[in-house]
Structure formats: structure tokens, C-alpha cells
Amino acid sequence: MTNDPILHAIDTTVGALRSRANAHWVVAFSGGKDSTAALKILLAAYRRSGLQTLNLTVIYCDTGVENPILDLYVKSVLDDLGGELAELGPSFETRILRAPVQDRFFVRIIGRGYPPPTNSFRWCTTGLRIRPVSRFIETQDPKNTVVVLGLRRSESQQRDRTLNGAAEGPWQKQREGNKDYDLFLPILDLSVAEVWDATFWLSKPRSINATMLQDLYRDASGECPVIRAPQSPPCASGRFGCWTCTVVRQDRSAKKLIEAGYSELKPYFEFRSWLSEIRNDPAMRWPKRRNGAAGMGPFTLDARREILERLNQLEAVTRTEILDSEERGTIAGLWRLDHYPRLSFQVF
Ligand code: SF4
């Protein structure tokens with residue numbers, strides 16, 4: 001028995017792999033430090049386990065509004081990782097998951113008039129991250145699936161309560177719909193410093209450049225969750241996550257990246273701040289909720305049109321596509337349902 005926390009995490013993971021050698025192991029990877037450390041520990045344990053093969057899929061949930069700098073980094077890692085895992089055998093692969101079009105961030109905001117998310121109305125995490133992952137698991141054999149998450153006990157007091165309450169150790173049960181599957185948390189007891197140590201010390205996968213990751217991280221910590229854990233915070237004060245995130249008061253991660261020279265993030269940052277400002281402007285919201293209840297309702301159609309116009313300008317300035325044609329078509333259809341009088345305007 002070793003006293004080194006990282007070696008201990010690897011030993012525990014070796015035991016876990018051997019005990020479920022025939023399961024489908026699914027690593028929920030965001031590109032952030034915690035899921036990176038979880039993946040590295042899992043691969044180190046696999047090498048040490050003596051197993052000849054493993055059914056392993058690394059999944060990444062692409063919300064379509066990921067911080068562009070971080071998204072570029074993660075996609076390039078996944079490209080390389082796909083090749084590197086293939087060297088281990090045909091049962092190792094990477095998969096990029098996407099939310100169904102009606103759940104995408106701007107389809108909800110511009111199409112249906114949802115106000116940007118806040119801590120008390122966080123409609124985004126379920127549709128953008130949790131549901132794509134749970135649907136993927138449902139298409140597998142949940143009973144024979146183990147989902148590996150980079151969750152840590154010390155991540156937050158709130159999350160501690162969730163994790164401590166649910167189970168003592170790294171194995172937990174997760175229920176989606178009427179099906180249960182197993183969660184395995186290899187870095188449950190590691191501190192932030194140990195997570196970084198694991199990220200730097202463990203050599204595989206070599207597709208991950210720990211120095212670049214640390215450089216990108218700057219002030220960030222935490223990752224938006226991909227499992228349903230309602231008590232847990234959506235993301236910490238800065239994190240790998242959506243550039244549109246209005247759940248955090250200030251996107252410190254983006255701010256730090258801009259200060260570090262990633263000036264291409266500035267227009268996104270400004271758009272997000274504007275979105276946050278207009279959220280509670282009564283002139284931009286229906287006076288009642290959609291169900292007729294008292295309280296500010298969805299964005300008015302004119303407000304949605306203005307958001308779309310500004311988003312079009314953002315696309316022009318950044319020379320990127322933020323809304324694809326499927327999303328624009330869905331928005332046009334939703335506007336028609338809300339009886340937008342000027343046809344579908346210039347949605348496309
Ligand atoms: S990063 Fe923010 S906007 Fe994106 S899913 Fe998480 S809480 Fe929602």
C-alpha cells in the first residue's frame with residue numbers, strides 16, 4: 001500500500017479495471033485538468049493492470065458555444081488522441097457528442113426567448129451537457145457501462161456534500177430515467193496540486209500537452225458537470241465551459257486569456273456581458289411567463305431579433321459560424337410558432 005496519493009489512485013483504478021474488465025468504460029472528457037488527470041490515471045492503471053484489452057470510449061460534449069480557444073485546444077487533443085488510442089486496439093475510441101438542435105444555447109434564447117441562465121435558472125447544463133451524455137449511455141448497455149468522471153471531493157463544499165452523501169469511495173451509482181449505471185471517480189481524493197502533478201507526471205496520453213493546458217487554465221478551476229448532480233455548482237469561478245456562460249458573474253477565465261494575449265476572445269466576452277445586462281430588462285421580456293403566470297416571461301420577439309442581429313455581427317467580426325443552418329431553421333420555425341409578424345426575418 002503506497003502513501004503517494006497519485007499512486008494510490010492508480011492502484012485503486014487497477015483494481016476497478018480488473019473487477020470490471022468486460023465493461024464499457026466511458027471517460028467524460030472536457031479537456032480541463034480534472035478530466036485530464038482522470039484519463040491519465042485510467043491509462044496508467046490499464047498499463048499496470050495486465051489486461052490485454054479494454055472497451056474504452058473517451059467522450060467530449062461539444063455544446064457549440066465552448067470557449068473558442070479552449071475548444072480549439074480540446075479538438076486538437078481529441079484528434080491526436082483518437083490516433084493514439086487506436087494504437088491500443090480497435091476497442092479504444094473518442095466520440096464528440098452534441099445536444100439535439102432544440103436544446104442548443106442560442107436556439108433556446110433566440111428561438112424560444114429563454115433568458116440567459118443564472119444559478120437559480122440553470123436550464124443549460126441539462127440540455128447541453130447532461131442529456132447528450134445520458135443519451136449516449138442509454139444507447140450502450142447501461143448495466144455494463146462504467147462512466148469515469150474527474151470529480152474531486154475537495155472541489156467545493158456543496159459538491160462534497162453530494163459526493164459524501166452518495167458514497168464513501170470512488171464507486172457510485174447514477175440513475176438516468178429508469179436505468180442505473182456505475183460511476184467511477186479515480187481522482188476523488190486528490191487535491192488540486194495532486195491533479196496537476198498527475199497531469200505532468202503521467203506520460204500517457206502523449207496527445208495532452210500539460211504545459212499548454214496549464215497555460216490555458218490561468219485562473220480557471222472546475223468543469224461544468226456532465227452528470228445530473230443538481231446540488232453541485234455548474235462551474236467554478238472560471239472553467240472550461242461555454243463562452244456564453246452567464247451563470248458565473250464574471251468570466252474570469254476568458255478575462256485572463258484576453259489579458260494573456262488572446263484578444264480574439266474580446267468580442268465574445270463583450271457579447272456575453274451584453275447578454276447578461278439585458279437579461280433582466282423588463283422592456284425586452286414578455287410581461288408574463290409563457291404559462292400565463294406572473295413574472296417576467298421570455299424575451300420579446302424584437303429582443304430576440306436584436307440578439308440575432310448582434311450574433312450575426314459577432315460572426316462577421318470573428319469570421320466564425322456560431323449558428324449553423326439547422327439552428328437558424330429551427331429558430332425561424334420557433335418564431336413562427338410565436339407568431340412573429342415579419343415572416344422569418346433574416347434568420348438565415
Ligand atoms: S458552462 Fe455555464 S452556460 Fe455552459 S452549460 Fe455550464 S452553466 Fe451552462
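This section describes salt bridges and one helix-helix contact in a predicted model.

Side chains of opposite charge can pair when their charged atoms come close. With a cut-off of 4 Å between a side-chain nitrogen of Lys or Arg and a carboxyl oxygen of Asp or Glu, the model contains 22 salt bridges. Three pairs and one network are described here.

One of the salt bridges joins the side chains of Asp11 and Arg48, with an N to O distance of 3.3 Å. Asp11 belongs to helix α1 (residues 5-19) and Arg48 to helix α2 (residues 33-49), so the pair ties together parts that lie 37 residues apart in sequence. Both partners were assessed for solvent accessibility. Arg48 is partly exposed, its relative accessible area being 45%, and Asp11 is also partly exposed, at 34%.

A salt bridge is also formed between the side chains of Glu84 and Arg206, where the N to O distance is 3.7 Å. Glu84 is located in helix α3 (residues 68-86), whereas Arg206 is located in the loop between α7 (192-201) and α8 (210-217); the pair therefore connects parts separated by 122 residues in sequence. Glu84 has a relative accessible area of 9% and is buried, because a value under 20% counts as buried.

In the pair formed by Arg153 and Asp189, the side chains meet in a salt bridge with an N to O distance of 2.8 Å. Each of these residues is in a loop: Arg153 in the one between β4 (145-148) and α6 (157-166), and Asp189 in the one between β6 (179-184) and α7, so that parts 36 residues apart in sequence are tied together. Asp189 is exposed, with a relative accessibility of 56%, since exposed residues are those over 50%.

Salt bridges also occur as a network, in which Arg98, Arg104, Asp324 and Glu327 are linked.

Turning to helix packing, helix α4 (residues 105-112) and helix α11 (residues 301-318) have axes that come within 8 Å and cross at roughly 135°. The arrangement of α4 relative to α11 is therefore oblique, as the angle does not reach the range over 145 degrees that counts as roughly antiparallel. On the α4 side, the contact involves Phe106, Ile109, Ile110, Gly111 and Arg112; on the α11 side, it involves Arg304, Ile307, Leu308 and Leu311. By residue class, this contact comprises six nonpolar, one polar and two charged residues. The polar class includes Gly, which is represented in the contact by Gly111 of α4.

Definitions and conventions: Residues are numbered from 1 along each chain as its sequence is written. This is a predicted model: local features need pLDDT of at least 70, side-chain atom pairs count only at pLDDT 80 or more; totals for chains, interfaces and linings use all residues. Side-chain values use heavy atoms; hydrogens and water are left out. Helices (H or I, at least four residues) and strands (E, at least two) are DSSP runs, numbered from the N terminus. Buried means under 20% relative accessible area, exposed over 50%, partly exposed in between (1.4 Å probe, protein chains only). Axes are lines fitted to C-alpha atoms, for helices over the stretch in contact, and angles run from 0 to 180 degrees between N-to-C directions. Angles under 35 degrees count as roughly parallel, over 145 as roughly antiparallel, 65 to 115 as roughly perpendicular and the rest as oblique. Contact means heavy atoms within 4.5 Å.
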